[in-house]
Amino acid sequence: MDSFGKRLFIALTPGKTFLDRLQGKTKIRLFFAFILILVATWDMRILFPILIISIIGLISIKPEWKTVRGLTIFTLLMNLFNLFLIWVVSPNYGYSQVGATTVLVRFTETYILSAETLWYFLVRLTKFMATFFVSLTFIQCITPSEMAAGLYGVGIPYKISTVVSLAFRYIPEIARDFNEIKISMQARGLELDSRKSSLITRLKQNVLILVPLIIVSFDRVGNIADAMDLRGYGRMKTRTYYAEHELTKGDRIINIVNVLLYAGFIAIVVVRIVSHREFLIWAPWVK
Amino acid sequence: MREAVVSFKDFSFKYKHQQEATLHDINLDIYRGEKILILGPSGCGKSTLANCINGLIPFSYPGTITGSLTVAGLQTQQSSLFELSKHVGTVQQDSDAQFVGLSVGEDIAFSLENQSMPRSEMLPIVDEAARIVDMERFLTHPPFDLSGGQKQKVALAGILHDAEEILLFDEPLASLDPAMGMTAVDLIDKIHKESGKTIIIIEHRLEDVLYRHVDRILLINDGRIVKDCTPDEMLYSGVLKIYGVREPLYIAALENAGVRFEEGEHLDDIEKIDIDRYRDAVLSEFARSKPYTVGEKGKVVVEVENVDFQYNPDHKVLENVSLTIREGEKLAIVGKNGAGKSTLAKLLCGIIRPISGTIRINGENYLSMSIKEIGQLIGYVMQNPNQMLVKDMIMDEITLALQLNEFPEELIKQRAEETLKMTGLYPMRNWPVSALSYGQKKRVTIASILALQPDVIILDEPTAGQDYRHYTEIMRFLDDLNKNYGKTIVFITHDMHLAIEYTDRALVFADGKLIADDFVYKVLSDKDIIERANLKETSLVLLARKVGLDPEEFIRHFIEREREERENG
């Protein structure tokens, strides 16, 4: 619908799927519940189900596959490359994490491939990809206004959540100003072509674009502040949000899920503190 | 006894950082349900007056107040901005900056959100306000998809739903094309009639506001109210010209014909004037018009041939556009917002290039030239001078383009001097840019482009947001560049007055197509073109019809006569 939204992978108008129709507050709680658990655990028995759930979540909101696919492939390749580098630097890394070495392939004396290292890599990849899919789903199903409303809903002062929505509102305008100023400077002879001027000159010349951009942006900020004052912004300690609709059945269900997830998170933390595992990662064949 | 909702008593105001007071001895009562227009040149204090009423003064812009101001029974100084905002709703000039929500619905709801109103109560109010301004189908649309006129409507809806009894409009027409301006004036009128709220409009486009009835006009100059009367009395008095406010065109045309109006005559609407009485005067004056002579044509500078342009594959921004621009011409590119005007300007400057078709500058295909090279042939002046000024000193600003183009030191000096003299900025060459007024800044930006000595200068909305006096000053300056230095001047504008008075030819765009390329007076008397391009029929056409003259000829005569007068001083 608008090119700006598409470029940043965000939706400005709410979608129609189950996750889309939740309250901003519920979405934020759900997101943080998953993220906390993903940070807290290295246990494949928890990570793998979350990965599956996050993929189902992503599919359920019917995202634009073109953008999602590119980003997913990029993230996956970066992670695989990262793991490969870890293996190159320390081929038996799995031992330090799992506490055993079952050699699968031996290339040279030091370069081995163990089941534990592979398992560790698989756990790590699952953890990262689950985090990625949870975040992607969250960003795709929440509008900036719901985000602002949701943040306020979970107890963040509304002046801070306003900053979030204002940023989304005015960043494209600033980008447009920047473009226009750049164009007029180019017509006056500013050379931004890397083949024709050195990096230093180009950096110096970019300052020429920034000066008017800052002045124009300050003018705009003044106008926005006036507009908000005139409509009573900051009049009261509390605020309501047009974008935050009433509790739906879906919200009630997810709120129960949220309670369970937070309880699960606490359980995971408690178990980790109490159990004093010598090695970080559980593997089915290591006792 | 009528009740005053706004009451100034011996009121003066001085901004904190200024030496002199901006408003002096204001004594003014505005009554409940009145519709008032505040007129005056830029910098006369009319916006300051508005900000006193809505409370931005003294709460956001501190200063010294003497005397008293009561708004809706509240002494403003003892009140607060929030308290006042319950009684006064303001629509500001910048329709973009005041759109703070991320969708139409949210923006309309903004003040309700700030009152902590439960959403269930908010919804019907927002729907109703959106319905009044005819935006109910756009509730979920983000601001990036809306036109200036639509944003203005949303801003209006955003103040409608409160209990506010006073609605204040600060230059509501500034960024609207003529047809949208008419819609806005109409809408304000409708709301006035239906709600009975007090309406205060600040504008200098008098004729456009008078499209609908206004109860009273205040004329402000140098911070004082110089006249406070009905529109009829204001037009009869003839003081507008003295204070740099433009009279409606039909009044100017009748005055040209030597007509003397009678006291008490209805002048604020051309339909109410008894034209029959003035027919002879108009006809005899028209009889003196000279036969039209086509001036010599200069050589072709720019040739555009069958040009198409599109940003994305499914929507053509420009389609099959062909035109020529000759040396020494003055022409206007007009059309509604989004019709392709600025795209054409960007194409001409080489910032974007055609998908198909060719553009030649001085006979050479411009595809082989860089933006920088084109910049030396075609200069582009942006609407807001603040977007172009980068240096502290005027001299540096003017030499910047020359330095960027790596001219030799000697030539830079010589060109800068020439440019400064050409633009009348020579005495100010060592002034800091920040010390200049808006109009002077505009002049500096034009000078900074002129330094490269381009053949063609394209100006985007050169007169936006300026009163008649500054406007005339800038346009005279450009006229002078055109006449004495042979510069070709291209205006992108939706100001029809500008097109009528200062250009010979108009290129009219609608939906990416060039729908007319003709003399301004021909374009403005063609109903079909006017409608398709969101222009507005000028009152001259109506006057001509009433008198029984050919509108085309009548407009041409009017233009020539105005020009002659201008040239004779």
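This is a short talk on how two chains, A and B, sit together in one structure, and on a few charged pairs within it. The model is predicted.

I'll take chain B by itself before the contact. Its secondary structure comes to 22 helices and 20 strands. The radius of gyration of chain B is 25 Å, close to the 25 Å that the globule rule gives for 569 residues, so chain B is as compact as a globular protein of that length. If you draw a box around its C-alpha atoms along the principal axes, the box is roughly 70 × 55 × 55 Å. Of the 569 residues in chain B, 59% count as buried. Now consider contacts in chain B between residues at least 6 apart in sequence: 68% of them join residues at least 24 apart.

Next, the interface. How many residues does each chain put into the contact? Chain A gives 58 residues, and chain B gives 66 residues. Between them the two chains bury about 5500 Å², with 57% of that on carbon and sulfur atoms. On the chain A side, the residues that lose the most area to chain B are A:Arg188, A:Arg231 and A:Tyr242, which together account for 21% of what that side buries.

There is polar pairing across this interface as well. The rule finds 27 residue pairs in polar contact between chain A and chain B, both residues being at pLDDT 80 or more. Which elements of chain A give two or more residues to the side that touches chain B? They are helix H7, residues 144-153, helix H8, residues 158-187, and helix H9, residues 199-230. Helix H8 of chain A gives the most, with 16 residues. Sorted by class, the side of chain A that touches chain B has 27 nonpolar, 13 polar and 18 charged residues.

That brings me to the salt bridges. Side chains of opposite charge can pair when their charged atoms come close. Over all chains, the count comes to 47 salt bridges. Across the interface of chain A and chain B, the rule finds six.

I'll show three pairs. The first is inside chain A: A:Arg169 forms a salt bridge with A:Glu173, and their closest N and O atoms are 2.9 Å apart. Why are these two separated by about one helical turn? Because they are four residues apart in helix H8 of chain A. Are they buried or exposed? A:Arg169 is buried, with a relative accessible area of 0%, and A:Glu173 is buried too, at 3%.

The second pair is A:Arg220 and B:Asp96, whose side chains meet in a salt bridge at 3.3 Å, N to O. A:Arg220 lies in helix H9 of chain A, and B:Asp96 lies in the loop between strand S6 (88-91) and helix H4 (104-114) of chain B, so the pair joins two chains. A:Arg220 counts as buried at 11% relative accessibility. B:Asp96 is also buried, with a relative accessible area of 11%.

The third pair is within chain B. B:Glu537 forms a salt bridge with B:Arg545, with the closest N and O atoms 3.2 Å apart. Here B:Glu537 is partly exposed, with a relative accessible area of 26%, and B:Arg545 is partly exposed, at 42%.

Some of these residues belong to a wider set. Salt bridges that share partners join A:Arg169, A:Glu173, A:Arg176, A:Asp177, A:Arg220, B:Asp96 and B:Lys151 into one network. So the first and second pairs I showed are both part of that network, as the list of its members includes them.

One last residue, this time without a charge pair to discuss. A:Ser161 sits in helix H8 of chain A. A:Ser161 is buried, with a relative accessible area of 0%. Which backbone oxygens lie by a polar atom of its side chain? The backbone oxygen of A:Ala148 is 3.4 Å from a polar atom of the A:Ser161 side chain, and that of A:Tyr158 is 3.2 Å from one. Leaving out residues up to four places away in sequence, A:Ser161 touches A:Ala148, A:Leu151, A:Tyr152 and A:Tyr241.

To recap the interface: chain A and chain B bury about 5500 Å² between them, and the rule finds six salt bridges across it. One of the pairs joining the two chains is A:Arg220 with B:Asp96.

Key. Residues numbered from 1 in each chain as written. Chains lettered and ligands numbered in written order. Heavy atoms only, no water. Contact = heavy atoms within 4.5 Å. Buried area = accessible area lost by both parts, 1.4 Å probe. Salt bridge = Lys/Arg side-chain N within 4 Å of Asp/Glu carboxyl O. Polar contact = N/O pair within 3.5 Å; in protein donor to acceptor, adjacent residues only side chain to side chain. Nonpolar A, V, L, I, M, F, W, Y, C, P; charged D, E, K, R; others polar. Rg over C-alpha atoms; globule rule 2.2 N^0.38 Å. Buried < 20%, exposed > 50% of the residue type's maximum accessible area, 1.4 Å probe, protein only.
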